[in-house]
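Biologist: Could you give me a close look at one part of this chain? I would like to start from the overall picture, settle on a single sheet, and then see what surrounds it.

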Amino acid sequence: MKKEAIITQLQTTPLFCGISGETILSLLTSPETETQTFKSGDIIFSPENTDKKLGIFLSGTATVHSVDSQNGVLLRSFAKNDVFGLATLFGSRSRYVSIITAKKSCRVLFLDAKDILPLTETNPTFAANYIRCLSDKICYLNSKISCFTAGSPERKLAFFLCSHCPADGFSMTISANSLSEMLNIGRASLYRVFDKFTEEGYIKKEAKTITLLDRRGMIESYA
């Protein structure tokens, strides 16, 4: 993948929105920057990695699991343009806290903290983007906590939908198996709740596209 194509792609991401091509090129030409390819099943990043790196998916999909020797919990999925390492890049932790595994063949761009730190100090737009992305990450994690601690399958799915579904609907990029694992409810229960929410008029579900019809009603009834 040519540098020009990578620059164009990065400029469409929240982290590099409004950043000049020259600035991004300086990052790409740094000796610390590298692009790696991973095949399905490969570990992309884990607590074994101690390097302070920021990862950006140029292509492919991956899953993120908590670190648990017996049964790691599915936390989220990654796809093209998603970023990881934001919170640990400058943090006091020396290791990454989750395990990222390639679901399909992936290409990942790795940027080093040595190159990112000066950019946050000299480029206000990038610094604001970085803070915004961290804030979004915190909000996402808070919504995950709400889902994990919600209790009933109805409350767990209601929290998930209210947190992720915009007014005009969205296409599910996560399979039913992965969603049931993420919410820690059985597939049969998940389908039952989807049917229940559809019958009660809270959602409309067509294939993988879900439209939230009555967010307020769902929140009042279940969240």
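Modeller: Gladly! Of the chain's 223 residues, 41% count as buried. Please keep in mind that this is a predicted model. The chain holds 8 helices and 11 strands. Among contacts with a separation of 6 or more, 69% join residues 24 or more positions apart.

Let me settle on the open sheet whose 4 strands run in the order E2-E7-E4-E5, with antiparallel pairing. Its edges are strand E2 (43-45) and strand E5 (74-78), each of which pairs on one side only. Direction ignored, neighbouring strands here are turned by 30° against each other on average. In general, strands of a sheet pair through backbone hydrogen bonds, in either a parallel or an antiparallel way.

A good place to zoom in is strand E4 (residues 62-66), which pairs with E5 in the antiparallel sense over 4 bridges. Within that pairing, Thr63 has Ser77 of E5 as its bridge partner. Is Thr63 buried or exposed? Thr63, which sits in strand E4, has a relative accessible area of 14%. The cut-off for buried is under 20%, so Thr63 counts as buried. Which residues does Thr63 touch, leaving aside its neighbours within four places in sequence? They are Leu74, Arg76, Ser77, Ile99, Ile100, Thr101 and Lys103. Ser77 thus appears both as the bridge partner of Thr63 and in the list of contacts. As a general point, side chains in a regular strand alternate between the two faces of the sheet.

Now for what packs on this sheet. Helix H6 (residues 176-183) touches E4 and E5, and its direction makes about 140° with that of E5. H6 also meets helix H7 (residues 187-199): their axes come within 9 Å and cross at roughly 100°. Angles of 65 to 115 degrees count as roughly perpendicular, and H6 and H7 are therefore described that way. On the H6 side, the contact is made by Ala176, Asn177, Leu179 and Ser180. On the H7 side, Arg187, Leu190, Tyr191 and Phe194 take part. By class, this contact has 5 nonpolar, 2 polar and 1 charged residues. Since Arg counts as charged, the charged residue here is Arg187.

Follow the chain out of E5 and you reach the loop between E5 and E6, where Asn81 is placed. Asn81 has a phi near 80°, a positive value in a residue other than glycine. Most residues other than glycine have a negative phi.

That loop leads to the other open sheet, in which 4 strands are arranged as E1-E8-E3-E6 with antiparallel pairing. Its edge strands, each pairing on one side only, are strand E1 (34-38) and strand E6 (83-84). Strand E3 (residues 53-59) pairs with E6 in the antiparallel sense over 2 bridges, and Gly55 stands opposite Phe84 in E6.

Helices lie across this sheet as well. H1 lies across E3 and strand E8 (106-112), running at about 100° to E3. Helix H3 (residues 113-122) also lies across E3 and E8, here at about 65° to E8.

H1 (residues 3-10) has a helix partner too, H2 (residues 21-28): their axes come within 10 Å and cross at roughly 120°. H1 and H2 are therefore oblique to each other, and H1 passes H2 in a right-handed crossing. Lys3, Ile6, Ile7 and Leu10 of H1 meet Gly21, Ile24, Leu25 and Leu28 of H2. The residues of this contact divide into 6 nonpolar, 1 polar and 1 charged. Lys counts as charged and Gly as polar, so Lys3 is the charged residue and Gly21 the polar one.

Last comes a hairpin formed by E10 and E11, with 2 residues between them. Strand E10 (residues 203-206) and strand E11 (residues 209-212) pair in the antiparallel sense over 4 bridges. Lys205 stands opposite Ile210 in E11, and in the turn Ala207 has a positive phi of about 55°.

Conventions:
Residues are numbered from 1 along each chain as its sequence is written. This is a predicted model: local features need pLDDT of at least 70, side-chain atom pairs count only at pLDDT 80 or more; totals for chains, interfaces and linings use all residues. Side-chain values use heavy atoms; hydrogens and water are left out. Axes are lines fitted to C-alpha atoms, for helices over the stretch in contact, and angles run from 0 to 180 degrees between N-to-C directions. Angles under 35 degrees count as roughly parallel, over 145 as roughly antiparallel, 65 to 115 as roughly perpendicular and the rest as oblique. A crossing is left-handed if the near helix is turned anticlockwise from the far one by less than a right angle, and right-handed if clockwise. Contact means heavy atoms within 4.5 Å. Two strands pair if DSSP finds at least two bridges between them. Buried means under 20% relative accessible area, exposed over 50%, partly exposed in between (1.4 Å probe, protein chains only).
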